[in-house]
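Please read the notes below alongside the model. They are in numbered points, each on one topic.

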Amino acid sequence: MLEAVKVGMLGLGTVGSGTVNILSRNADEIARRAGRGIKISIASVRDIKKQRACDTSGFTLTVDHNKVIADPNVKIVLELIGGTGIARELVLKAIDNGKHIITANKALIALHGNEIFQRAQEKGVTVAFESAVAGGIPIIKAIREGLAGNSIQWLAGIINGTCNFILTEMRDKGRDFDDVLKEAQQLGYAEADPTFDIEGIDAAHKLTILASIAFGVPLQFEKIYTEGITEITSADVAYASELGYRIKSLGIAKRTANGLELRVHPTLIPHRRLIANVDGVMNAVLVKADALGPSLYYGAGAGAEPTGSAVVADLVDVVRALTSDPENRVPHLAFQPDALSNIPILSMDDVSTVYYLRIHVQDRSGVLADVTNIFANHNISIEAIIQKEPQTNIASVPIIILTHEVVEQNMNKAIAEIEKLEAVTNKIMRIRLETLT
Ligand code: HSE
């Protein structure tokens, strides 16, 4: 067998340690798969003395990132620092030095992937990022390679474990949002800045990547509509359940006649769908493709070894491709770089969905008629309506409405008018609904 390929690591935190442990435990099988061994030779860290969750005795530890990317023996650089500042600089420099790159950094790829891939193309190196989306689930490979014969119609994913954990705990145990978020942070699921999770930004990073490989468009993070889960109450979760739905934070990318819908928001899903039953910190992506039909990819979306599993899979791919012609490698965004399309990304105003609405009104006659009149004036038809019992010590009653499909801009106008009614006591809560068929 050929000599082992030397790998340099930037950062050695949770995912880095998981990767080192997998490489050591499964070394023989990995070498048999890759055709040669894979050896970490150097890793840069902030604090050399810090206790690590892996054995570091087999490689050099340094505080100097530049030492890793300049090391002439290193063929592949693993970027596991995170963020888009120093990580971007180091990745671009490493590419200039002729290194192949593997990264778990979804923000880096979503925001700077177009620049990074172009540089990699010029230098004839690979940039692999399977671990950036849905942790250990091989979703990039599934869409980019496994579904290469299909035209993808839409995909919908539970791609943020923290949001899914919070919504699951709220539903199953009636717990409060803040309380569950704290636990998610303690368990290490949440991003360094948890607003990235709960405001949908982390999911939008991942959706940017999925949309590009599904539809062959450049990465366009700035065009994704993003709405977090912070306004969802336990009451919404309970009402949705009464109507036969679960609330999930979904990343949705859909091809329509006019362009692409790219959106992250809380969504009602019929409770019998498999994806509605993906609970806790688990991730899942449902892909609807023309030839295969629907397929569902489920697994751990975060954690040391699940994410390390995807990093090692990328390592094996890169090692196998080391001797292949750069022109013939699997393209970064699934489609050949000169064949990306400029299908427009639709404004959220033009997206049509069904809506769940929670409206709090004073409990007196005529109010419901005023509300339904406004809907009628905007061509919004109602599918179901429930008026809940007044709660003691609260002056208003909640009305829960499910609409038929309606264009977002009509719904926005109707909501604005309803909120102006004297009898309406609170801001209206709206959650979009997808049947996912
Ligand atoms: N904070 C992310 C999540 C980690 O909760 O899914 C994995 O990207």
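1. Leu-436. The backbone at Leu-436 deserves a look: this residue is buried, with a relative accessible area of 10%, where buried means under 20% relative accessible area, exposed over 50% and partly exposed in between (1.4 Å probe, protein chains only). Leu-436 has a positive phi of about 55° although it is not a glycine. Its place is in the segment after strand E17 (429-433); helices (H or I, at least four residues) and strands (E, at least two) are DSSP runs, numbered from the N terminus.

2. Basis of the values. This is a predicted model, in which local features need pLDDT of at least 70 and side-chain atom pairs count only at pLDDT 80 or more, while totals for chains, interfaces and linings use all residues. Residues are numbered from 1 along each chain as its sequence is written, and side-chain values use heavy atoms, with hydrogens and water left out.

3. Asn-379. A positive phi, about 60°, is also found at Asn-379, again not a glycine. Most residues other than glycine have a negative phi. Asn-379 sits in the loop between helix H13 (367-377) and strand E14 (382-387). Is Asn-379 buried or exposed? Asn-379 is exposed, at a relative accessible area of 71%.

4. Domains. The domain assignment divides the protein chain into domain 1 (2-136 + 304-338), domain 2 (139-300) and domain 3 (350-433); such bounds come from an automatic or database domain assignment. Between domain 1 and domain 2, the C-alpha centres are 26 Å apart. Each of these two domains puts 23 residues into the contact, contact meaning heavy atoms within 4.5 Å.

5. The area between domains 1 and 2. About 1,900 Å² is buried between domain 1 and domain 2, and carbon and sulfur atoms give 67% of that area. Buried area is the accessible area (1.4 Å probe) that two parts lose on being put together, summed over both.

6. Polar links between domains 1 and 2. There are 3 salt bridges between domain 1 and domain 2; a salt bridge is a side-chain nitrogen of Lys or Arg within 4 Å of a carboxyl oxygen of Asp or Glu. Asp-202 and Lys-106 form a salt bridge in which the closest N and O atoms are 3.1 Å apart. The two domains also have 9 residue pairs in polar contact (both at pLDDT 80 or more). A polar contact is a pair of N or O atoms within 3.5 Å; within protein, one must be able to donate a hydrogen and the other to accept it, and residues adjacent in sequence count only if both atoms are side-chain atoms.

7. The domain 1 side. Which helices each supply at least two residues of the side of domain 1 that touches domain 2? They are helix H5 (106-123) and helix H12 (304-321). H5 gives the largest share of that side, 8 residues. By class, the side has 15 nonpolar, 5 polar and 3 charged residues. Here Ala, Val, Leu, Ile, Met, Phe, Trp, Tyr, Cys and Pro count as nonpolar, Asp, Glu, Lys and Arg as charged, and the others, Gly among them, as polar.

8. Ile-102. Strand E5 (residues 100-103) holds Ile-102, which is buried at 1% relative accessibility. Beyond its neighbours within four places in sequence, Ile-102 has contacts that include Ile-76, Leu-78, Ala-128, Val-311, Leu-315 and Val-318. The C-alpha atoms of Ile-102 and Val-312 are separated by 9.3 Å, with their positions 210 residues apart along the chain.

9. Helix H6. In helix H6 (residues 139-146) the buried residues are Ile-139, Ile-140, Ala-142, Ile-143 and Arg-144. Their cover includes strand E7 (152-158), helix H10 (201-215), strand E11 (282-289) and strand E12 (293-300).

10. Glu-408. Glu-408 belongs to helix H14 (residues 408-420) and is buried, with a relative accessible area of 3%. Its side chain makes a polar contact with the side chain of Arg-432 (2.9 Å). A salt bridge joins the side chains of Glu-408 and Arg-430 (3.5 Å, N to O); this pair links helix H14 to strand E17 across 22 residues, and both partners are buried.

11. Other salt bridges. The structure holds 26 salt bridges. One of them pairs Asp-279 with Lys-248, the closest N and O atoms being 3.1 Å apart. Asp-279 is partly exposed at 25% relative accessibility, whereas Lys-248 is buried at 1%.
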